[in-house]
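Colleague: Got a minute to walk me through this one? I'd like to start with the surface and then get to the charge pairs.

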Amino acid sequence: MSNSHLLLLSGFPRAPLQNGIGRYVPQLKRMTIKFCKSSGDSKGTREFIESKLVDFAKENPGTVVYVKPRRHRAPCVQAEYLNGEEHHISLHNMSLEETTKWINLLPMRSGRPTNLRLRKYWHTDSPSIQGVWSPFTNRDPALNLAQFPMEEFSKRKNLTKTATEIILERWQEQKEKDSTAPVQEKTTS
Amino acid sequence: MRNIFERVKQWNTLTRIWHLYDAKWQDPFDSAKVIQKYLKGLHKPIYHPLADCGDHVVVINCKEIAMRGDEWRKRAYFHHTGYAGGGTYTLAWELHDKNPLMIMKKAVYRSMKGNLQRRYTMERLHLYAEENVPQDIIENISSVIPQLRDVPMRLDRMPEDQVKGYPKIWDLPKDYVVR
(Lines give C-alpha, C1' and ligand atoms only; values in the text may rest on other atoms or scores of the structure.)
Protein backbone atom coordinates (compact mmCIF):
# COMPACT_ATOMS: atom_id res chain seq x y z
CA MET A 1 0.00 0.00 0.00
CA SER A 2 1.50 3.32 -1.00
CA ASN A 3 1.06 6.51 1.01
CA SER A 4 -1.17 8.16 -1.60
CA HIS A 5 -3.90 5.74 -0.62
CA LEU A 6 -4.04 7.26 2.86
CA LEU A 7 -5.81 10.35 1.53
CA LEU A 8 -8.46 8.21 -0.12
CA LEU A 9 -11.84 7.77 1.54
CA SER A 10 -11.78 4.45 3.39
CA GLY A 11 -14.43 2.05 4.54
CA PHE A 12 -15.66 -1.51 4.76
CA PRO A 13 -17.68 -3.46 2.19
CA ARG A 14 -21.29 -3.10 3.31
CA ALA A 15 -24.76 -3.51 1.82
CA PRO A 16 -26.99 -0.49 2.59
CA LEU A 17 -29.63 -1.38 5.24
CA GLN A 18 -28.70 -5.08 4.93
CA ASN A 19 -30.08 -5.04 1.40
CA GLY A 20 -30.79 -8.47 -0.03
CA ILE A 21 -31.52 -10.10 3.36
CA GLY A 22 -35.28 -10.79 3.37
CA ARG A 23 -36.13 -8.07 0.88
CA TYR A 24 -34.39 -6.12 -1.84
CA VAL A 25 -34.72 -2.37 -2.28
CA PRO A 26 -33.34 -1.13 -5.62
CA GLN A 27 -30.91 1.64 -4.82
CA LEU A 28 -31.04 3.47 -8.16
CA LYS A 29 -33.90 5.94 -7.83
CA ARG A 30 -33.46 8.18 -10.87
CA MET A 31 -31.62 7.92 -14.18
CA THR A 32 -31.31 10.71 -16.76
CA ILE A 33 -29.98 10.00 -20.24
CA LYS A 34 -28.75 13.18 -21.89
CA PHE A 35 -28.08 13.10 -25.64
CA CYS A 36 -28.21 15.03 -28.92
CA LYS A 37 -30.77 14.22 -31.59
CA SER A 38 -28.50 15.02 -34.53
CA SER A 39 -24.77 14.65 -33.75
CA GLY A 40 -22.82 11.47 -34.46
CA ASP A 41 -21.28 11.04 -30.97
CA SER A 42 -24.79 10.32 -29.60
CA LYS A 43 -25.52 7.59 -32.17
CA GLY A 44 -25.15 4.68 -29.78
CA THR A 45 -27.26 6.45 -27.13
CA ARG A 46 -30.03 7.18 -29.65
CA GLU A 47 -30.06 3.53 -30.73
CA PHE A 48 -30.29 2.48 -27.10
CA ILE A 49 -33.26 4.79 -26.50
CA GLU A 50 -35.00 3.49 -29.65
CA SER A 51 -34.46 -0.22 -29.07
CA LYS A 52 -33.75 -0.99 -25.39
CA LEU A 53 -34.86 1.81 -23.10
CA VAL A 54 -38.46 0.65 -22.71
CA ASP A 55 -37.34 -2.86 -21.78
CA PHE A 56 -34.86 -1.39 -19.30
CA ALA A 57 -37.60 0.69 -17.63
CA LYS A 58 -39.89 -2.34 -17.42
CA GLU A 59 -37.16 -4.45 -15.83
CA ASN A 60 -36.46 -1.73 -13.21
CA PRO A 61 -39.83 -0.53 -11.96
CA GLY A 62 -38.22 1.15 -8.94
CA THR A 63 -36.25 3.54 -11.14
CA VAL A 64 -37.53 6.70 -12.80
CA VAL A 65 -35.97 7.12 -16.24
CA TYR A 66 -35.69 10.55 -17.84
CA VAL A 67 -34.54 11.25 -21.38
CA LYS A 68 -33.23 14.74 -22.02
CA PRO A 69 -32.32 15.83 -25.57
CA ARG A 70 -30.01 18.83 -25.87
CA ARG A 71 -28.46 20.27 -28.97
CA HIS A 72 -24.83 19.53 -29.95
CA ARG A 73 -23.60 18.30 -26.62
CA ALA A 74 -21.91 15.05 -25.67
CA PRO A 75 -24.21 12.27 -24.36
CA CYS A 76 -24.01 11.10 -20.77
CA VAL A 77 -26.05 9.25 -18.21
CA GLN A 78 -26.66 10.62 -14.73
CA ALA A 79 -27.70 8.20 -11.98
CA GLU A 80 -29.06 9.25 -8.58
CA TYR A 81 -29.14 6.78 -5.71
CA LEU A 82 -31.14 6.45 -2.50
CA ASN A 83 -28.16 7.49 -0.40
CA GLY A 84 -28.03 10.87 -2.19
CA GLU A 85 -25.00 10.07 -4.34
CA GLU A 86 -24.91 11.02 -7.98
CA HIS A 87 -22.88 9.18 -10.62
CA HIS A 88 -22.15 10.40 -14.15
CA ILE A 89 -20.98 8.21 -17.01
CA SER A 90 -20.01 9.68 -20.36
CA LEU A 91 -21.51 7.86 -23.37
CA HIS A 92 -19.48 9.86 -25.89
CA ASN A 93 -18.89 8.02 -29.20
CA MET A 94 -20.02 4.71 -27.71
CA SER A 95 -21.61 1.96 -29.75
CA LEU A 96 -24.96 0.41 -28.80
CA GLU A 97 -23.29 -2.53 -27.05
CA GLU A 98 -21.01 -0.34 -24.96
CA THR A 99 -23.86 1.97 -24.01
CA THR A 100 -26.02 -0.99 -22.96
CA LYS A 101 -23.20 -2.38 -20.84
CA TRP A 102 -22.60 0.89 -18.96
CA ILE A 103 -26.27 1.65 -18.42
CA ASN A 104 -26.98 -1.87 -17.15
CA LEU A 105 -24.21 -1.39 -14.59
CA LEU A 106 -26.05 1.46 -12.85
CA PRO A 107 -28.96 -0.45 -11.21
CA MET A 108 -26.48 -3.04 -9.90
CA ARG A 109 -24.51 -0.49 -7.85
CA SER A 110 -25.40 0.60 -4.33
CA GLY A 111 -24.47 4.23 -4.89
CA ARG A 112 -21.37 4.21 -2.71
CA PRO A 113 -18.45 6.26 -4.07
CA THR A 114 -16.27 4.15 -6.39
CA ASN A 115 -12.94 5.54 -5.19
CA LEU A 116 -13.11 3.80 -1.82
CA ARG A 117 -10.13 2.25 -0.08
CA LEU A 118 -11.35 -0.99 1.45
CA ARG A 119 -9.90 -1.43 4.93
CA LYS A 120 -10.82 -5.10 4.77
CA TYR A 121 -12.27 -7.25 2.02
CA TRP A 122 -14.90 -8.58 4.40
CA HIS A 123 -17.23 -7.28 7.10
CA THR A 124 -19.13 -8.92 9.91
CA ASP A 125 -21.73 -7.63 12.32
CA SER A 126 -20.85 -10.34 14.84
CA PRO A 127 -17.14 -10.26 15.65
CA SER A 128 -15.26 -13.20 17.19
CA ILE A 129 -17.22 -15.23 19.75
CA GLN A 130 -14.03 -16.49 21.38
CA GLY A 131 -13.11 -12.91 22.30
CA VAL A 132 -10.78 -10.29 20.95
CA TRP A 133 -7.05 -10.96 21.24
CA SER A 134 -5.12 -9.06 23.86
CA PRO A 135 -1.46 -9.26 24.91
CA PHE A 136 -2.55 -11.25 27.96
CA THR A 137 -4.26 -14.13 26.15
CA ASN A 138 -2.44 -17.49 26.24
CA ARG A 139 0.26 -16.04 28.47
CA ASP A 140 2.35 -18.09 30.85
CA PRO A 141 0.72 -17.49 34.29
CA ALA A 142 4.15 -17.84 35.94
CA LEU A 143 4.99 -14.41 34.54
CA ASN A 144 2.31 -12.77 36.69
CA LEU A 145 4.26 -13.09 39.91
CA ALA A 146 7.76 -13.02 38.43
CA GLN A 147 10.34 -10.56 39.71
CA PHE A 148 12.45 -9.21 36.86
CA PRO A 149 15.17 -9.67 35.74
CA MET A 150 14.86 -13.44 35.96
CA GLU A 151 17.30 -15.80 34.32
CA GLU A 152 15.03 -18.81 33.87
CA PHE A 153 12.61 -16.89 31.64
CA SER A 154 15.39 -15.39 29.54
CA LYS A 155 16.85 -18.80 28.75
CA ARG A 156 16.37 -20.19 25.28
CA LYS A 157 13.79 -22.95 25.21
CA ASN A 158 15.67 -26.13 24.31
CA LEU A 159 13.38 -28.78 22.96
CA THR A 160 16.16 -31.36 22.72
CA LYS A 161 18.86 -32.12 25.27
CA THR A 162 22.36 -30.89 24.65
CA ALA A 163 25.28 -33.34 24.43
CA THR A 164 26.60 -32.09 27.79
CA GLU A 165 23.27 -32.74 29.46
CA ILE A 166 23.06 -36.25 28.00
CA ILE A 167 26.57 -37.11 29.22
CA LEU A 168 25.85 -35.72 32.70
CA GLU A 169 22.64 -37.77 32.85
CA ARG A 170 24.41 -40.98 31.83
CA TRP A 171 27.10 -40.34 34.37
CA GLN A 172 24.46 -39.88 37.06
CA GLU A 173 22.81 -43.16 36.01
CA GLN A 174 26.12 -44.94 36.12
CA LYS A 175 26.85 -43.56 39.59
CA GLU A 176 23.50 -44.82 40.86
CA LYS A 177 24.06 -48.24 39.30
CA ASP A 178 27.49 -48.51 40.90
CA SER A 179 26.12 -47.57 44.31
CA THR A 180 23.30 -50.14 44.13
CA ALA A 181 25.27 -53.03 42.53
CA PRO A 182 27.36 -54.12 45.57
CA VAL A 183 24.20 -54.20 47.74
CA GLN A 184 22.55 -56.64 45.31
CA GLU A 185 25.63 -58.88 45.36
CA LYS A 186 25.51 -59.03 49.13
CA THR A 187 21.87 -60.06 49.14
CA THR A 188 22.38 -62.79 46.53
CA SER A 189 25.47 -64.31 48.17
CA MET B 1 -18.03 1.14 19.93
CA ARG B 2 -21.25 0.04 21.54
CA ASN B 3 -20.78 0.35 25.28
CA ILE B 4 -18.27 0.88 28.05
CA PHE B 5 -17.09 -2.77 27.92
CA GLU B 6 -16.21 -2.56 24.26
CA ARG B 7 -14.16 0.52 25.03
CA VAL B 8 -12.21 -1.23 27.76
CA LYS B 9 -11.75 -4.25 25.49
CA GLN B 10 -10.06 -2.03 22.94
CA TRP B 11 -7.75 -0.54 25.56
CA ASN B 12 -6.84 -4.06 26.64
CA THR B 13 -6.05 -5.13 23.08
CA LEU B 14 -3.87 -2.10 22.34
CA THR B 15 -2.01 -2.06 25.66
CA ARG B 16 1.68 -1.38 25.42
CA ILE B 17 3.66 -4.24 26.92
CA TRP B 18 7.18 -3.90 28.30
CA HIS B 19 9.50 -6.75 27.31
CA LEU B 20 12.80 -7.64 28.87
CA TYR B 21 15.72 -8.91 26.79
CA ASP B 22 18.94 -10.16 28.33
CA ALA B 23 21.74 -9.41 25.84
CA LYS B 24 24.35 -11.43 27.73
CA TRP B 25 26.47 -13.41 25.24
CA GLN B 26 24.02 -12.61 22.42
CA ASP B 27 24.86 -11.51 18.90
CA PRO B 28 23.70 -7.85 18.71
CA PHE B 29 22.77 -8.09 15.01
CA ASP B 30 20.71 -11.25 15.38
CA SER B 31 19.10 -9.85 18.52
CA ALA B 32 18.27 -6.60 16.73
CA LYS B 33 16.19 -8.48 14.16
CA VAL B 34 14.11 -9.97 16.97
CA ILE B 35 13.90 -6.81 19.08
CA GLN B 36 12.72 -4.62 16.22
CA LYS B 37 9.72 -6.89 15.68
CA TYR B 38 8.63 -6.29 19.26
CA LEU B 39 9.27 -2.54 18.96
CA LYS B 40 7.05 -2.32 15.90
CA GLY B 41 4.41 -4.72 17.23
CA LEU B 42 4.94 -7.22 14.40
CA HIS B 43 4.58 -10.12 16.84
CA LYS B 44 0.90 -9.25 17.47
CA PRO B 45 -1.95 -10.73 15.45
CA ILE B 46 -3.60 -7.28 15.37
CA TYR B 47 -0.59 -5.65 13.70
CA HIS B 48 -1.33 -2.92 11.19
CA PRO B 49 1.18 -0.33 9.94
CA LEU B 50 -1.20 2.52 10.79
CA ALA B 51 -2.06 1.22 14.26
CA ASP B 52 0.24 2.40 17.04
CA CYS B 53 0.76 -1.06 18.51
CA GLY B 54 4.51 -1.22 19.18
CA ASP B 55 5.84 -2.39 22.54
CA HIS B 56 8.68 -1.25 24.79
CA VAL B 57 11.81 -3.38 25.02
CA VAL B 58 14.26 -3.11 27.90
CA VAL B 59 17.64 -4.59 26.99
CA ILE B 60 19.94 -5.42 29.89
CA ASN B 61 23.57 -6.56 29.96
CA CYS B 62 24.45 -4.66 26.78
CA LYS B 63 28.04 -4.62 28.00
CA GLU B 64 28.27 -8.39 27.68
CA ILE B 65 27.18 -8.85 24.08
CA ALA B 66 29.17 -11.30 21.97
CA MET B 67 30.39 -10.90 18.40
CA ARG B 68 31.45 -13.56 15.96
CA GLY B 69 35.01 -14.28 14.89
CA ASP B 70 37.13 -11.19 14.37
CA GLU B 71 34.17 -8.80 14.47
CA TRP B 72 35.41 -6.87 17.54
CA ARG B 73 38.66 -6.07 15.74
CA LYS B 74 37.45 -5.82 12.15
CA ARG B 75 34.06 -4.06 12.37
CA ALA B 76 34.39 -0.28 12.02
CA TYR B 77 31.81 2.36 12.85
CA PHE B 78 31.92 5.52 10.75
CA HIS B 79 31.10 8.95 12.07
CA HIS B 80 31.35 12.29 10.31
CA THR B 81 31.23 15.59 12.16
CA GLY B 82 30.13 17.47 9.05
CA TYR B 83 33.31 19.54 8.82
CA ALA B 84 35.98 18.91 6.19
CA GLY B 85 38.16 15.98 7.22
CA GLY B 86 35.81 15.21 10.08
CA GLY B 87 35.26 11.54 9.26
CA THR B 88 36.43 8.95 11.76
CA TYR B 89 36.40 5.17 11.80
CA THR B 90 36.08 3.58 15.23
CA LEU B 91 36.63 -0.13 15.70
CA ALA B 92 33.90 -2.08 17.45
CA TRP B 93 35.97 -2.80 20.57
CA GLU B 94 36.91 0.88 20.86
CA LEU B 95 33.32 2.00 20.51
CA HIS B 96 32.25 -0.59 23.07
CA ASP B 97 34.83 0.75 25.52
CA LYS B 98 33.57 4.31 25.05
CA ASN B 99 29.86 3.49 25.18
CA PRO B 100 28.70 -0.07 25.85
CA LEU B 101 25.18 0.75 24.61
CA MET B 102 26.15 2.12 21.21
CA ILE B 103 26.66 -1.15 19.30
CA MET B 104 23.28 -2.50 20.39
CA LYS B 105 21.57 0.81 19.63
CA LYS B 106 23.07 1.04 16.16
CA ALA B 107 22.27 -2.59 15.43
CA VAL B 108 18.58 -2.09 16.21
CA TYR B 109 18.51 1.24 14.37
CA ARG B 110 20.00 -0.33 11.24
CA SER B 111 17.73 -3.35 11.35
CA MET B 112 14.77 -1.09 10.60
CA LYS B 113 13.86 0.63 7.37
CA GLY B 114 14.78 4.32 7.23
CA ASN B 115 11.34 5.89 7.35
CA LEU B 116 9.76 8.61 9.49
CA GLN B 117 8.58 6.08 12.04
CA ARG B 118 12.06 4.79 12.88
CA ARG B 119 13.00 7.56 15.34
CA TYR B 120 9.75 7.16 17.25
CA THR B 121 10.14 3.37 17.32
CA MET B 122 13.66 3.75 18.71
CA GLU B 123 12.32 5.80 21.63
CA ARG B 124 10.61 2.64 22.87
CA LEU B 125 13.98 0.90 23.19
CA HIS B 126 15.63 1.16 26.62
CA LEU B 127 19.24 0.03 26.85
CA TYR B 128 21.19 -0.73 30.01
CA ALA B 129 24.84 -1.75 30.25
CA GLU B 130 24.35 -3.98 33.27
CA GLU B 131 21.65 -5.84 35.09
CA ASN B 132 20.55 -3.05 37.43
CA VAL B 133 17.68 -1.13 35.87
CA PRO B 134 15.93 1.85 37.51
CA GLN B 135 12.90 0.89 39.58
CA ASP B 136 10.43 2.94 37.51
CA ILE B 137 11.45 0.97 34.42
CA ILE B 138 11.62 -2.51 35.94
CA GLU B 139 8.16 -2.29 37.48
CA ASN B 140 6.58 -1.92 34.02
CA ILE B 141 8.06 -5.16 32.70
CA SER B 142 5.59 -7.98 32.26
CA SER B 143 7.08 -10.16 29.55
CA VAL B 144 10.42 -11.68 28.57
CA ILE B 145 11.92 -12.20 25.13
CA PRO B 146 13.86 -15.48 25.21
CA GLN B 147 17.54 -15.33 24.30
CA LEU B 148 18.72 -16.59 20.93
CA ARG B 149 21.73 -18.52 22.20
CA ASP B 150 22.57 -20.38 25.37
CA VAL B 151 24.86 -18.47 27.69
CA PRO B 152 28.04 -20.58 27.99
CA MET B 153 29.12 -21.47 31.49
CA ARG B 154 32.54 -20.18 32.56
CA LEU B 155 34.75 -22.43 34.62
CA ASP B 156 36.02 -19.60 36.85
CA ARG B 157 32.45 -18.48 37.63
CA MET B 158 31.15 -21.97 38.44
CA PRO B 159 30.57 -22.79 42.12
CA GLU B 160 33.42 -24.71 43.75
CA ASP B 161 31.39 -27.82 44.66
CA GLN B 162 29.98 -28.07 41.14
CA VAL B 163 33.49 -28.04 39.67
CA LYS B 164 34.60 -30.76 42.08
CA GLY B 165 31.55 -32.92 41.37
CA TYR B 166 31.87 -32.64 37.57
CA PRO B 167 32.62 -36.00 35.86
CA LYS B 168 36.24 -36.41 34.85
CA ILE B 169 37.60 -38.99 32.41
CA TRP B 170 41.15 -38.79 33.75
CA ASP B 171 43.29 -36.73 36.09
CA LEU B 172 46.37 -34.84 35.09
CA PRO B 173 49.54 -36.54 36.37
CA LYS B 174 50.97 -34.90 39.49
CA ASP B 175 54.20 -33.90 37.76
CA TYR B 176 52.38 -32.25 34.85
CA VAL B 177 53.38 -28.59 34.41
CA VAL B 178 50.53 -26.32 33.40
CA ARG B 179 51.81 -23.42 31.33
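**Surface, loops and salt bridges**

Modeller: Sure. A:E151, B:E64, B:E130 and B:E131 gather on the surface as a patch of negative charge. Keep in mind that this is a predicted model.

Colleague: Where does B:E130 sit in chain B?

Modeller: B:E130 is in the loop between β5 (125–127) and α7 (135–138) of chain B. Its relative accessible area is 41%, so B:E130 counts as partly exposed.

Colleague: And which residues make up the nonpolar surface patch?

Modeller: That one is made by B:I169, B:W170, B:L172, B:Y176 and B:V178, and the patch covers about 670 Å². B:V178 is in the segment after α8 (160–164) of chain B. With a relative accessible area of 65%, B:V178 is exposed.

Colleague: Switching to salt bridges. How many are there over all chains?

Modeller: The count is 16 over all chains. Side chains of opposite charge can pair when their charged atoms come close. One of them joins A:E80 and A:R30, with the closest N and O atoms 2.7 Å apart. A:E80 lies in strand β4 of chain A and A:R30 in strand β2, so the pair ties together parts that are 50 residues apart in sequence.

Colleague: Is A:E80 buried or exposed?

Modeller: A:E80 is buried, at 14% relative accessible area. Its partner A:R30 is partly exposed, at 30%.

Colleague: What about B:D30, what does that side chain meet?

Modeller: B:D30 meets B:R68 in a salt bridge, at 2.8 Å from N to O. B:D30 lies in helix α2 (residues 28–40) of chain B and B:R68 in the loop between β2 (56–60) and α3 (71–74), so this pair ties together parts that are 38 residues apart in sequence. B:D30 is partly exposed at 21% relative accessible area, and B:R68 is partly exposed at 48%.

Colleague: Any other pair in chain B you'd point out?

Modeller: B:D70 and B:R73 form a salt bridge too, at 3.5 Å from N to O. B:D70 is partly exposed with a relative accessible area of 39%, while B:R73 is exposed at 58%. There's also a network in which salt bridges with shared partners join B:D27, B:D30, B:R68 and B:R149.

Colleague: OK, cysteines. How many disulfides over all chains?

Modeller: The count is 0 over all chains. As for individual cysteines, A:C36 is buried, with 1% relative accessible area, and B:C62 is buried at 0%.

Colleague: Now the backbone. What is the phi of A:H72?

Modeller: About 55 degrees, a positive value although A:H72 is not a glycine. Most residues other than glycine have a negative phi. A:H72 lies in the loop between β3 (64–69) and β4 (76–81) of chain A, and it's exposed at 60% relative accessible area.

Colleague: And what is the phi of A:N138?

Modeller: A:N138 is near 55 degrees, again positive in a residue other than glycine. A:N138 is in the loop between β6 (116–118) and α4 (151–154) of chain A, and it's exposed at 81% relative accessible area.

Colleague: Last one: how many helices and strands does chain A have?

Modeller: Chain A has 5 helices and 6 strands. Of its 189 residues, 26% count as buried. For a contact across the sequence, take A:P16 and A:S110: they are 94 residues apart in sequence, and their C-alpha atoms are 7.2 Å apart in space.

Key. Residues are numbered from 1 along each chain as its sequence is written. Chains are lettered from A and ligands numbered from 1 in the order in which they are written. This is a predicted model: local features need pLDDT of at least 70, side-chain atom pairs count only at pLDDT 80 or more; totals for chains, interfaces and linings use all residues. Side-chain values use heavy atoms; hydrogens and water are left out. Patches are made of residues with over 30% relative accessible area and no salt bridge: like charges are joined within 9 Å, nonpolar side chains (Val, Leu, Ile, Met, Phe, Trp, Tyr) within 5 Å. Accessible areas come from the Shrake-Rupley method with a 1.4 Å probe; for residues, only the protein chains shown count as cover. A salt bridge is a side-chain nitrogen of Lys or Arg within 4 Å of a carboxyl oxygen of Asp or Glu. Lys and Arg count as positive and Asp and Glu as negative; His and the chain ends are not counted. The place of a charge is taken as NZ of Lys, CZ of Arg, CG of Asp or CD of Glu. Helices (H or I, at least four residues) and strands (E, at least two) are DSSP runs, numbered from the N terminus. Buried means under 20% relative accessible area, exposed over 50%, partly exposed in between (1.4 Å probe, protein chains only). A disulfide is a pair of cysteine sulfur atoms within 2.5 Å.
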